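Please open the structure in your viewer and keep the selection panel at hand. The tour below goes from one selection to the next and says what is to be found at each stop.

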Amino acid sequence: MGVLRSTQSMQAEVEEMRAALLHGHGATAAAAGWRPSAGDADVKRAAGGEEGAAAPRTVCVTGGISFVGFAVVDRLLRHGYTVRLALETQEDLDKLREMEMFGEDGRDGVWTVMANVADPDSLHRAFDGCAGVFHTSAFVDPGGMSGYTKHMATLEAKAAEQVIEACVRTESVRKCVFTSSLLACVWRKNYPQDRRFPTIIDENCWSDESFCRDNKLWFALAKTAAEKAAWRAARGRDLKLVTVCPALVTGPGFRRRNCTASIAYLKGARAMLADDLLATANVETVAEAHVRVYEAMGNNTAGGRYICYDHVVQRVEEFAELERQLGLPRRAAAVEGSSDRPARFELCRRKLARLMSARRRCTYDDYYSVEFD
């Protein structure tokens, strides 16, 4: 779901994407070839829906032209996957063409197909023949500003439901990794407080939708509602679902390529900073987390939600630097730092850290045990 940009801005973004891809894995993409899909025959469908009967390392990525989605695609290529890239607009396709990464040989490369998250049939066609789906697509402010609206939040929740329904409908698809946000975990009116210890914010925590509405935190509302919609749609169905909840995603080029989402994310940032809940995640960390949880789902060693972040912003100076990089008005001076008082909250990423650092022995037999009601 793109934002219309000037030709100069679009060209600069294309150059950044090309540089990121070439830096990530050298000539791999050029050798593998980026090319549009000729149709459903390009990836064979699994007979009876079994991954092993078709292309178990073929996956579909929605929103693959986005900041996070592009990094996920790049990481999948490094891990030896073939990627079907679901594009929504002609602008997205033009960006890929301008990268000059299209080749004649599509082996182990990226194949493109047009699909709209509001159109279940197009999603089904895009997913058909893929063993798994990475849903990284998200609605963005069409004005390119921070005015993420309540209506857009409703649309994002509906799109999440459509994607899961399309996954369930597609016989070859058995796994889905859904990109949510740390914002779906941190916003609540009342937390149980213990004066001795900070309240732990982990995967069991959900943002309060009413609180988000009352405070016009539309981006947080969208991520919360969309993730809940995905879990509801997947419950009791023949689909393994895992959600990744990254903090504010940063990295090279994030100001240009992720500006809209970043500004929307930072609404309420002063309160998050004061409570030690404002965190960042490098886009490479986020991408690796997506691939690792997907692979761990294959042997039931991953399930549920995963909070993902690299760094907790605790100093006003760090917040000021984020504002500067995004071209936002300086508000950091008005923020009370948290270093001079006991922490009220503590973010927890142990679940993802364990998965990414070692082979786990425990398994998740139930992929639909996430509770939020």
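## A tour of cavities and rings

Begin with helix H6, which supplies 3 residues to the lining of the largest cavity, the largest share of that lining. Bear in mind throughout that this is a predicted model.

To see the whole lining of the largest cavity, select His135, Ser137, Glu156, Ala159, Ala160, Phe178, Thr179 and Ala226. Helix H6 spans 150-169 and strand E6 spans 175-179, and each of these two elements supplies at least two residues of that lining. The space in the largest cavity comes to about 40 Å³, and the residues around it divide into 4 nonpolar, 3 polar and 1 charged.

The structure holds 2 cavities of 30 Å³ or more, so the next stop is the second largest, with about 30 Å³ of space. Select Thr62, Gly63, Ala86, Glu88, Ala115, Val117, Leu123 and Ser137 to display the lining of the second largest cavity, which is made up of 4 nonpolar, 3 polar and 1 charged residues.

Now turn to the aromatic rings, of which a search of the whole structure finds 3 pairs. Select Phe134 and Tyr294, whose ring centres are 5.0 Å apart and whose planes meet at 40 degrees, so the pair counts as tilted. This pair links distant parts of the chain, for Phe134 belongs to strand E5 (residues 132-135) and Tyr294 to helix H13 (residues 283-297), with their positions 160 residues apart.

Are these two rings buried or exposed? Phe134 is buried, with a relative accessible area of 0%, and Tyr294 is buried as well, with a relative accessible area of 1%.

Move on to Trp187 and Phe211, an aromatic pair that is stacked, with 6.0 Å from centre to centre and 20 degrees between the planes. Here too the pair links distant parts of the chain: Trp187 lies in the loop between helix H7 (183-186) and strand E7 (199-201), while Phe211 lies in helix H8 (residues 209-214), and the two are 24 residues apart. Both Trp187 and Phe211 are buried.

Go back to Phe134 and Tyr294 and add Tyr81 to the selection, since these three residues form one aromatic cluster. With Tyr294 still in view, select Lys175, which lies over the face of Tyr294 at 3.8 Å from the ring centre. For the last stop, select Lys351 together with Tyr306, where the lysine lies over the face of the ring, at 4.4 Å from the ring centre.

Key
Residues are numbered from 1 along each chain as its sequence is written. This is a predicted model: local features need pLDDT of at least 70, side-chain atom pairs count only at pLDDT 80 or more; totals for chains, interfaces and linings use all residues. Side-chain values use heavy atoms; hydrogens and water are left out. On a 1 Å grid over the protein atoms alone, a cavity is a set of points where a 1.4 Å probe fits but cannot get out, and a pocket is an open set with protein on both sides within 12 Å along at least five of seven lines; lining residues have an atom within 4 Å of a point. Grid points are joined across faces, edges and corners, and a volume is the space filled by probe spheres set on the points. Helices (H or I, at least four residues) and strands (E, at least two) are DSSP runs, numbered from the N terminus. Ala, Val, Leu, Ile, Met, Phe, Trp, Tyr, Cys and Pro count as nonpolar, Asp, Glu, Lys and Arg as charged, and the others, Gly among them, as polar. Rings of Phe, Tyr and Trp (its six-membered ring) pair if their centres lie within 6.5 Å; planes under 30 degrees apart count as stacked, over 60 as edge-to-face and the rest as tilted. Buried means under 20% relative accessible area, exposed over 50%, partly exposed in between (1.4 Å probe, protein chains only). A charge sits over a ring if NZ of Lys or CZ of Arg is within 6 Å of the ring centre and within 35 degrees of the ring normal.
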